[in-house]
Amino acid sequence: MSSILNADLHCHSVVSDGTLTPEALAARAAANGVELWALTDHDEIGGQHRAAAAARSHGMKYLTGTEISVTFANETVHIVGLGFDPDDAAISEGLYDTRGGRGRRAQEMSEGLAKVGIQGAYEGALKYVGNPELISRTHFARFLVEQGHCRDTSEVFRKFLTEGKPGFVPHRWAALKDAVRWITEAKGLAVIAHPGRYKFTANEEYALFLEFKEHGGRAIEVVTGSHTTAEYTEYADKALEFGFAASRGSDFHSPDESHCDLGQLPLLPGKLTPVWELLQDRIQ
């Protein structure tokens, strides 16, 4: 498989904070011409067998996926795992522990919002949650839009759910080392998701890439929904500099919210090694 492949290796279903089922996502991906697909729900692999079966039914190739939340330099960083064994006990246990802190955090977010006059946010957010273990800021954002506090979820994040705002509560996620280990020991490959999104200095980003590589990380997302055209070029160069393979994924969550639809991104630059070349034996 070459870089001239419509691969979408980053998206979310109702199993985490997306709005579509794994089956509906597969149908949408196939309709948009996706040839190789992965469902990468946050800190959860419960939708993997459904996604793989749905991909097969549409004639798409499939890679197992997840997106693990880690804390690095006091920032939340996302590590995508691809091609792992979805029945591996260690990765399931690690993700279960990572999800565990979300419930208490959600209660604290609701308490913060109540102080500025927004009542019942926890219960309101729960209406949008497919999996209560994975209640997140996105679910609160949907509730605040429904209640008319903001026009869209982006405005909610800006006004209420980022650092220094009433509904923001930090969370300690998994360690980078542990997340990469869970993925690699389950025969998968670890990828840094959307590196352009993190508010790191050049030195901090360099440290992230170096430590990730030391722990066995193999790839970064180069073409992804939140990157600009300039960032495609920037992170293509970084992939070459660090010897990383390159991944491509829309980070699609919902037809109403996502900047980029499944399968609609530019192709990977030809000078890069596509991550799927390293995962040939894991493609279903």
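**Close-up 1. A salt bridge within helix H8 of this predicted model joins the side chains of Arg181 and Asp178, with a nitrogen-to-oxygen distance of 3.1 Å.** Arg181 and Asp178 lie 3 residues apart in helix H8, which covers residues 176-185, and so they are separated by about one helical turn. Arg181 is partly exposed, at 34% relative accessibility, and Asp178 is likewise counted as partly exposed, with a relative accessible area of 26%. The whole structure, as it was predicted, contains 15 salt bridges, and two further pairs are shown in the views that follow.

**Close-up 2. Arg99 and Glu133 form a salt bridge through their side chains, at 2.5 Å from N to O.** This pair links distant parts of the chain, 34 residues apart, with Arg99 in helix H3 (residues 89-99) and Glu133 in the loop between helix H5 (121-126) and helix H6 (137-146). The surroundings of the two partners can be described separately: Arg99 is buried, at 9% relative accessibility, whereas Glu133 is partly exposed, with a relative accessible area of 34%. Which residues are linked with this pair in a network of salt bridges? The network consists of Glu44, Arg99 and Glu133.

**Close-up 3. The side chains of Arg104 and Glu111 meet in a salt bridge, for which the N-to-O distance is 3.3 Å.** Arg104 counts as partly exposed, at 46% relative accessibility, and Glu111, with a relative accessible area of 42%, is also partly exposed.

**Close-up 4. Helices H6 and H7 cross at roughly 105 degrees, and their axes come within 9 Å of each other.** Two packed helices are described by the angle between their axes together with the distance between those axes. Because angles of 65 to 115 degrees count as roughly perpendicular, H6 and H7 are described as roughly perpendicular to each other. On the side of H6, the residues that take part in the contact are Arg137, Thr138, Phe140, Ala141, Arg142, Leu144 and Val145, and they meet Thr153, Val156, Phe157, Phe160 and Leu161 in H7. Sorted by kind, the residues of this contact comprise 8 nonpolar, 2 polar and 2 charged ones. H7 itself runs through residues 153-161.

**Close-up 5. Glu35 sits in the loop between helix H1 (22-31) and strand S2 (36-37).** Is this residue buried, exposed or partly exposed? Glu35 counts as partly exposed, at 39% relative accessibility. Beyond its neighbours within four places in sequence, Glu35 is in contact with Leu5, Asn6, Met60 and Lys61. One of these partners, Met60, is 25 residues away from Glu35 in sequence, while the C-alpha atoms of Glu35 and Met60 are 5.3 Å apart in space.

**Close-up 6. Asp43 and Ala73 are two loop residues with positive phi values, that of Asp43 being near 50 degrees and that of Ala73 about 50 degrees.** Neither residue is a glycine, as is noted for Asp43 and for Ala73. Asp43 is found in the loop between S2 and helix H2 (48-57), and with a relative accessible area of 0% Asp43 is buried. Ala73 is found in another setting, the loop between strand S4 (65-72) and strand S5 (75-82), and at 42% relative accessibility Ala73 counts as partly exposed.

**Close-up 7. Cys11 and Cys260 are shown as cysteines of a structure that holds 0 disulfides.** Cys11 is in no disulfide, and the nearest cysteine sulfur, which belongs to Cys260, is 11 Å away. A disulfide is a covalent bond between the sulfur atoms of two cysteines. Why is the sulfur of Cys260 not bonded to that of Cys11? The closest cysteine sulfur to that of Cys260 is the one in Cys11, and because the two are 11 Å apart, they are too far from each other for a bond; the cut-off applied to a pair of cysteine sulfur atoms is 2.5 Å. Both residues are buried, Cys11 with a relative accessible area of 0% and Cys260 at 12% relative accessibility.

Methods. Residues are numbered from 1 along each chain as its sequence is written. This is a predicted model: local features need pLDDT of at least 70, side-chain atom pairs count only at pLDDT 80 or more; totals for chains, interfaces and linings use all residues. Side-chain values use heavy atoms; hydrogens and water are left out. Buried means under 20% relative accessible area, exposed over 50%, partly exposed in between (1.4 Å probe, protein chains only). Helices (H or I, at least four residues) and strands (E, at least two) are DSSP runs, numbered from the N terminus. Contact means heavy atoms within 4.5 Å. A salt bridge is a side-chain nitrogen of Lys or Arg within 4 Å of a carboxyl oxygen of Asp or Glu. Axes are lines fitted to C-alpha atoms, for helices over the stretch in contact, and angles run from 0 to 180 degrees between N-to-C directions. Angles under 35 degrees count as roughly parallel, over 145 as roughly antiparallel, 65 to 115 as roughly perpendicular and the rest as oblique. Ala, Val, Leu, Ile, Met, Phe, Trp, Tyr, Cys and Pro count as nonpolar, Asp, Glu, Lys and Arg as charged, and the others, Gly among them, as polar.
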